[in-house]
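Visitor: I have a model on the screen and some questions about its fold and side chains. Can you walk me through it?

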Amino acid sequence: MGCPRDRRIEHDQGCAAIALHARTAAQLEGGGTIFETRYRRKDGSTFPVEASIRAASIGGQRFLQGIIRDITERRRLELQLQLADRMAAVRAASDALELL
């Protein structure tokens, strides 16, 4: 897998995570697997990623394909949605109390 120089630490961690999570050939042959983990930047901070791995046969050789996605923005939006849901529930409870 090629990767930009500033992403090599992430790439190495991703390969290790893929190896750890790809437990059985059947799991990979059955469409692959997707899992979440964290990567570490050069500055030591971490961020959430989603890793997708599957096995493929090309020209009689077996390969593993891994795709790593930064899901920082997804996590931020999920948190905002959870907070909005809680605020709506509090407002609804408050409105119900006012009616009493």
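Guide: Start at the first hairpin of this predicted model. Strand 1 and strand 2 form that hairpin, with five residues between them. The turn contains Gly 44, whose phi is positive, at about 95 degrees.

Visitor: How many bridges pair strand 1 and strand 2, and in which sense, parallel or antiparallel?
Guide: Strands of a sheet pair through backbone hydrogen bonds, and the sense can be parallel or antiparallel. Take one position here: Thr 37 has Val 49 in strand 2 as its bridge partner. For strand 1 and strand 2, the count is eight bridges and the sense is antiparallel.

Visitor: In the hairpin of strand 2 and strand 3, which residue takes a positive phi?
Guide: These two strands pair over 10 bridges, in the antiparallel sense. Their hairpin has two residues between the strands. The positive phi, near 60 degrees, belongs to Gly 59.

Visitor: Which residue is the bridge partner of Ala 51 in strand 3?
Guide: Strand 2 spans residues 46-58, and strand 3 spans residues 61-70. Elsewhere on this pairing, Ala 55 stands opposite Leu 64 in strand 3. For Ala 51, the partner is Ile 68.

Visitor: What is the strand order of the open sheet?
Guide: The sheet has three strands with antiparallel pairing. Its edges are strand 1 and strand 3, each pairing on one side only. From one strand to the next, the twist averages 35 degrees. The order is 1-2-3.

Visitor: At what angle does helix 3 run to strand 2?
Guide: Helix 3 covers residues 72-99. It lies across strand 1, strand 2 and strand 3. Against strand 2, the angle is about 125 degrees.

Visitor: Which parts of the chain does the salt bridge of Glu 36 and Arg 75 link?
Guide: Side chains of opposite charge can pair when their charged atoms come close. The side chains of Glu 36 and Arg 75 meet at 2.2 Å, N to O. The two residues are 39 apart along the chain. The linked parts are strand 1 and helix 3.

Visitor: Is Glu 36 buried, partly exposed or exposed?
Guide: Buried means under 20% relative accessible area, and exposed means over 50%. Glu 36 has 45%, so the residue falls between those cut-offs. Its salt-bridge partner Arg 75 has 26% and gets the matching label, partly exposed. Glu 36 is partly exposed.

Visitor: Which residue in strand 2 is the bridge partner of Glu 36?
Guide: Here the question concerns strand pairing. Strand 1 and strand 2 run antiparallel. The partner of Glu 36 is Glu 50.

Visitor: Why does the salt bridge of Arg 74 and Glu 50 tie together separate parts of the sequence?
Guide: The two side chains meet at 3.2 Å, N to O. Arg 74 sits in helix 3 and Glu 50 in strand 2, so the pair joins parts that lie 24 residues apart in sequence.

Visitor: Is Glu 50 buried or exposed?
Guide: Arg 74 is partly exposed, at 32% relative accessible area. Glu 50 has 13%. The cut-off for buried is under 20%, so Glu 50 is buried.

Visitor: What separates Arg 76 and Glu 73 along helix 3?
Guide: These two form a salt bridge, with the closest N and O atoms 2.4 Å apart. Arg 76 is partly exposed at 39%, and Glu 73 is partly exposed at 43%. They are three residues apart in helix 3, so the separation is about one helical turn.

Visitor: Which residues do salt bridges with shared partners join into one network?
Guide: The whole structure holds five salt bridges. One of them is the pair of Glu 36 and Arg 75. The network consists of Glu 36, Arg 75 and Glu 78.

Visitor: How are the rings of Tyr 39 and Phe 47 arranged?
Guide: This is the one aromatic pair in the structure. Both residues are buried. The ring centres are 6.1 Å apart. The planes stand at 85 degrees, so the arrangement is edge-to-face.

Visitor: How far apart in space are Gly 66 and Thr 33?
Guide: Gly 66 lies in strand 3 and is buried, at 13% relative accessibility. In sequence, Gly 66 and Thr 33 are 33 residues apart. From C-alpha to C-alpha, the distance is 9.7 Å.

Key. Residues numbered from 1 in each chain as written. Predicted model: local features only at pLDDT ≥ 70, side-chain atom pairs only at ≥ 80, totals over all residues. Heavy atoms only, no water. Phe/Tyr/Trp six-rings, centres within 6.5 Å; stacked < 30°, edge-to-face > 60°. Buried < 20%, exposed > 50% of the residue type's maximum accessible area, 1.4 Å probe, protein only. Salt bridge = Lys/Arg side-chain N within 4 Å of Asp/Glu carboxyl O. Helix = DSSP H or I, 4+ residues; strand = E, 2+ residues; numbered from the N terminus. Pairing = 2+ DSSP bridges. Axes fitted to C-alpha atoms, helices over the stretch in contact; angles between N-to-C directions. Contact = heavy atoms within 4.5 Å.
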